[in-house]
Amino acid sequence: MPFPMPLLAPVTMTDRPATDVNMLRSSVRAALCVSRLLPCTQPAAPTPSARRNQMVTAGGQSSPAVDARGRPPLTSRLRPPSLPLGVAGWRAAQTARHFPHGAFTYTFARPNRPGTKETWMSLSLRGRALIATTLGLALAGPMRVALPADAAVDDPAAAPSPSGAGRIDASDSTLSRPQVARLLEKDSTMRLDSRGALYVVDPVRTPPRDLATATTRTESLTRSSSSLLYPTGDTFSLHSRPGATKTIFLDVDGTTLGETAWTLAKTGSSQPAWDPAGDGASFSAGELAKVQEVWASVAADYEAFDVDVTTEDPGTAGLVRSDADDTAYGIHVVIGASSAWGPLCSSSCGGVAYVGTYAEIGGSHQPAWVFTQGTGNSAKSVAEAASHEVGHTLGLTHDGTRSAGYYSGSGLWAPIMGVGYYRPVSQWSRGSYPGANNRQDDVLLLSRMLGYRDDEAGVSFADTSLLPDDHVGTITSYRDRDAFALGACDVGSTVTVSPATWASDLDIVITVRTTKGVRLGSSYTVTTTGDGVTAAGLAAAYTIPAPASGKPPWGDLVVEISGRGQNSYSSGGYDAYGSLGSYVVDAPGCNLEPLMPGAMNDVTATVLYADAATVAWTPPTDGDLAPTAYKISVNGASWRTASVRATSMVVGGLKPLSTNSIRVRAVNGLVPGPTETVSVTMPALTVPGVPASFAATPGTGQLALTWSKPDDTGNAPILGYKLTTGSKVYAPSAASVGALLRFLTAGTEYTLTLQARNKAGYGPALTITGTPTS
């Protein structure tokens with residue numbers, strides 16, 4: 001969105017050569033164009049409202065403290081950039097002057113002919129030009145922009161990182177610099193530190209208008225041990241997904257920090273334990289219950305992803321990424337009444353975090369902070385703030401509206417990246433609610449950073465599975481439909497599917513069918529406010545009806561489970577997008593022993609290419625039902641179908657240089673048999689070797705070329721060839737084993753090169769010569 005003021009403000013100069021002025025302005029515009037932070041066009045003339053907000057150059061009048069949109073001035077959020085080098089012979093003659101409405105002015109001087117005074121020239125940068133210089137972009141030509149060595153008053157990153165590195169590399173963040181520039185323009189809570197890294201200061205939020213009399217909506221601080229979600233001794237060793245390589249560490253019992261980008265001078269090294277009751281460092285039963293609720297709520301928000309939310313310190317190795325090959329890392333979230341609240345946000349925020357730094361190398365932008373002085377001590381508010389700040393580190397930005405930076409939701413629902421403190425249902429969003437200003441696909445972005453959990457079932461009714469031993473499954477996306485075989489069920493018995501965790505994000509709907517696909521019915525419970533912290537009605541239950549008079553028994557049944565929304569956003573509801581999480585199936589009237597095919601025999605997997613293998617089997621020799629097809633799944637992905645007549649199948653999508661898991665089972669209609677699992681370790685993918693047997697046979701004005709496929713294909717199929725002679729390049733197909741070059745000059749020697757290509761690229765060239773005859 002264009003900034004509502006001209007890029008270069010009107011300037012006043014004495015004896016200024018027009019060519020130098022134009023050169024300076026052109027240099028800045030060209031540089032910002034190259035940096036992709038400004039369109040490569042001449043800035044438009046200022047609008048009347050923009051003129052009213054322009055810098056006043058005479059009369060001593062001050063500028064407004066907010067811009068035309070009512071946002072805090074950029075200069076309150078950015079370091080004044082310096083221009084230390086001269087511009088086309090000009091030298092910097094005066095330090096930058098700070099103007100409150102978001103512009104910086106630079107004065108340059110150039111000596112004239114002997115005996116004459118210096119020429120002076122002033123330049124003001126506004127809007128994206130200001131952001132660009134603060135980001136430290138190198139401008140084209142002799143003009144360069146750099147950040148000063150001294151730190152700003154509101155700059156948390158004054159000191160170098162512990163690794164001794166100076167400027168933070170752009171690869172540390174999931175956000176590009178143009179994205180950072182846009183965020184700084186539209187979101188007044190965003191800040192830049194002295195190295196150009198983006199962080200956010202989330203202010204304390206009051207209840208929305210429709211909940212103006214709402215309290216923090218939480219239970220009393222004094223709770224009995226019977227209200228603990230888990231045993232007392234487990235409170236500081238809770239794990240949502242033990243063994244996951246990604247971690248979210250909720251640190252509530254105090255910690256000691258080393259030097260980070262936040263700087264110990266501002267944060268201090270010793271951080272206190274969270275003390276909800278204000279009665280000292282030890283935790284009472286009621287306080288332990290709050291810790292467990294915070295953990296359970298954050299774990300529920302990240303339940304669809306392959307990440308371990310924990311209250312147990314995983315150590316540096318589990319949090320800090322050492323290099324690009326390190327896959328085990330995470331984010332440290334410090335929760336409590338830290339004294340850093342004042343230096344980091346002037347005692348006026350609920351949380352602070354760097355944006356898009358979860359996967360950074362070195363961990364200099366840890367931790368994320370939740371300040372209970374700002375959030376209050378309710379488990380609901382602390383958990384919402386923790387999930388929100390972790391979302392920032394994973395690259396998520398605020399969910400707001402056209403008129404508000406944070407959307408506080410309506411009815412039962414609010415987005416996690418808005419304000420979720422006051423609604424019992426808070427979920428990830430993609431900006432589907434009315435007036436949304438942020439269309440980020442939260443779930444997709446989180447899955448790219450963390451990965452999804454393995455799906456214990458398929459993604460549709462056609463991929464029915466056997467119920468796991470613990471009867472627990474997970475909905476990982478709004479498209480996910482888990483289906484489980486229940487076996488025979490008593491008429492009048494009830495199948496119940498409930499959220500498996502406290503404060504779940506999953507609103508459940510179930511459908512019951514026969515194994516032939518006949519639908520018995522569905523069940524959805526209307527969700528209500530509950531206690532204001534956790535919603536009521538998220539579970540679903542269905543009672544098995546009797547068949548119609550004269551009809552045979554239902555036979556084996558299947559339950560299909562998915563997440564859903566309720567009503568519409570405009571009526572205070574929500575859609576199914578963020579309805580994700582784990583559930584537990586309870587079917588006491590079903591025998592859970594469906595009639596099914598037998599187990600597959602002699603299952604093997606043989607490497608074919610770096611990312612493909614041949615899976616072979618022999619059909620089952622036992623079981624209740626004969627197979628009607630076979631199903632194969634690679635690394636937990638969706639099931640692929642092979643004909644009942646097949647005894648092998650080539651499967652792709654395997655990971656080179658990794659051990660891959662392949663599952664195979666027989667099915668009868670929708671009913672699966674036992675699953676057999678094999679593993680296969682794949683080789684590396686490389687470019688192919690040189691083609692074999694490359695030869696040229698002379699003819700009259702022509703050369704007949706022949707070759708064969710390389711002996712080394714690079715562990716991938718050959719996709720084609722590149723044949724070069726002089727300036728001419730030909731592209732024979734992968735199936736080609738020769739070519740005829742015609743209309744050549746007799747007696748002239750031609751140099752011919754041939755390269756094979758696979759998905760990794762072209763391999764080395766093989767060169768021969770040939771001379772056509774006359």
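1. Let's start at a small spot: S347 belongs to the loop between helix 8 (341–345) and strand 11. Its backbone is a bit unusual, with a positive phi of about 55° although S347 is not a glycine. For background, most residues other than glycine have a negative phi, and most peptide bonds are trans. Do keep in mind that this is a predicted model, so I'd look at the spot on screen with that label attached.

2. The second half of that background applies further along the chain. Going from Q366 to P367, the peptide bond is cis, and omega is near -5°. P367 sits in the loop between strand 11 and strand 12.

3. That loop, between strand 11 and strand 12 (368–371), also holds A359. Which residues does A359 touch, once those up to four places away in sequence are left out? They are R321, Y329 and M449. There is also a long-range pairing to look at here: A359 and L450 are 91 residues apart in sequence, yet their C-alpha atoms are 9.6 Å apart in space.

4. Now for a helix pair. Helix 6 (residues 285–301) packs against helix 10 (residues 379–393) at an angle of about 40°, and the two axes are 9 Å apart. With that angle, helix 6 and helix 10 are therefore oblique to each other. The crossing of helix 6 over helix 10 is right-handed.

5. Who makes that contact? From helix 6 come K290, E293, V294, S297, V298 and D301, while helix 10 supplies A379, V382, A383, A386 and S387. Sorted by character, the residues in this contact of helix 6 with helix 10 are six nonpolar, two polar and three charged.

6. On to enclosed space. Rolling a probe the size of a water molecule over the atoms shows where empty space is left. How many cavities of 30 Å³ or more does the structure hold? There are seven. The second largest cavity has a volume of about 120 Å³. It is lined by 15 residues, and D202, A385, H388, G418 and Y421 are the closest to its centre.

7. Helix 10 turns up again in the walls of this second largest cavity. Strand 5 (198–203), strand 11 (349–354) and helix 10 are the elements that give two or more residues to its lining. The largest share, four residues, comes from helix 10. By character, the lining of the second largest cavity is six nonpolar, five polar and four charged.

8. Last, an open site. The second largest pocket contains about 570 Å³ of space. Its lining has 22 residues, and R453, D454, N635, G636 and A637 lie nearest the centre. Which element gives the most to this lining? That is strand 29 (residues 659–668), with three residues. The lining of the second largest pocket divides into six nonpolar, ten polar and six charged residues.

Methods: Residues numbered from 1 in each chain as written. Predicted model: local features only at pLDDT ≥ 70, side-chain atom pairs only at ≥ 80, totals over all residues. Heavy atoms only, no water. Axes fitted to C-alpha atoms, helices over the stretch in contact; angles between N-to-C directions. Parallel < 35°, antiparallel > 145°, perpendicular 65-115°, else oblique. Left-handed = near helix turned anticlockwise from the far one by under 90°. Contact = heavy atoms within 4.5 Å. Nonpolar A, V, L, I, M, F, W, Y, C, P; charged D, E, K, R; others polar. 1 Å grid on protein atoms, 1.4 Å probe; cavity = no way out; pocket = protein on both sides within 12 Å on 5 of 7 lines; lining within 4 Å. Points joined across faces, edges and corners; volume = space filled by probe spheres on them.
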